[in-house]
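Biologist: Before the terms are discussed, please show the sequence and the structure.

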Amino acid sequence: MAPLKASIAARVVMVVVAIHAVLLPVLYLGLGLVILRSHGELFLLHVRSSAHNLVEELESGDLLDAAGRVDELLDLAVTKSDAVYAEVLDQGRTVRSTLNLPGLQWPDRQDFRFADSEDHLYWILAPIAHKGRQAELRIAFDEQPTLDQVRVAKARIFGVIAVYVVVAVALAIILARRFARPIVRLGDAARRIASGDTAQSLQLASRVLELHELGTALERMRTTLVGVNERLRAEIGERERADRVRSELETRLRHRDRVETIGTLAGGIAHEINNALQPIMLLAEAAMADVPASSPVRADLEAILASARHAKDIVVKVLTFSREAGDVK
């Protein structure tokens, strides 16, 4: 199967699309990872700071000993932060916020990385040191709002990349057509030259150095070939004229040879006839001298002599033609 042929513009566009098809997914994934990490770091900074501030408040004063104060503090922590669960475990006593999500319990773990669990909750276990006794703060923060922000940011990045792809492909098409336009004109000029219009110029009006040099080289080649073609045509014309002159000369030579041959043949025949006429005329004249003027034979002899003289005139004309034929150039 023959390979498919495509124009320069189509190939440039396909290359641009192929490059973006490889690079843009990697770029999108990389930017998505950066966004996830940056939002995750901000989330961790926020929740750890909130947990640390809450621990400091619980460690100060006599909050752990005051009835109802721990509940209020835990409710306030849930209200002002993204916490969805908060409890304090102190000497076997557990104090929970009244704003905890229903059904939510301590999973016996604490998290160290963002979005590392399937429940999208970030659990922190913080020790509370108060008057020589150890208590624990167990608090959970909802990762979902931050994950929603990450999705929104990724969607915006995807939109920006999509717009970029459209603009890049459009610019690639425009630039490819502009780049290919001089080559298309060069092809048209080459076809017209091939059809016989050698006055067409192959010089390219392009600012691209390689295309300009290509057009200059092709134009120089065209000029050289046109000059060679003109010289060949002139030589062919000279040879045709020489052939015509030679043909005319050969025709004249053949004609002269035929004329000379005919003249030679006619001269030989005329001499033979003349040799045969001489005795006839002499004998006719001698017979007329011996025949009386009143004799009927004399009229016959005069007729014979007149015919012989007429034949001699014809022989003279044939000899004259023979001599003229010998002088033909």
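The exchange below sets values against definitions.

Modeller: This is a predicted model, in which local features need pLDDT of at least 70 and side-chain atom pairs count only at pLDDT 80 or more, while totals for chains, interfaces and linings use all residues. Residues are numbered from 1 along each chain as its sequence is written, and side-chain values use heavy atoms, with hydrogens and water left out.

Biologist: Why is V163 called exposed?

Modeller: Exposed means over 50% relative accessible area, buried under 20%, and partly exposed in between (1.4 Å probe, protein chains only). V163 has a relative accessibility of 53%, and therefore counts as exposed. Its place is in helix α3, residues 144-194; helices are DSSP runs of H or I with at least four residues, and strands are runs of E with at least two, numbered from the N terminus.

Biologist: Why is A115 called partly exposed, and Q91 exposed?

Modeller: The relative accessible area of A115 is 33%, so A115 is partly exposed. Q91 has 59% and is therefore exposed. A115 lies in the loop between β2 and β3, and Q91 in the loop between β1 and β2.

Biologist: What makes the phi of Q91 a point to mention?

Modeller: The phi of Q91 is near 50 degrees, a positive value in a residue other than glycine. A115, also not a glycine, has a positive phi of about 55 degrees.

Biologist: How do you know that β3 and β4 pair?

Modeller: Two strands pair if DSSP finds at least two bridges between them. Here 10 bridges join β3 to β4 (residues 133-142), so the two strands pair, and they run antiparallel. A126 stands opposite L137 in β4.
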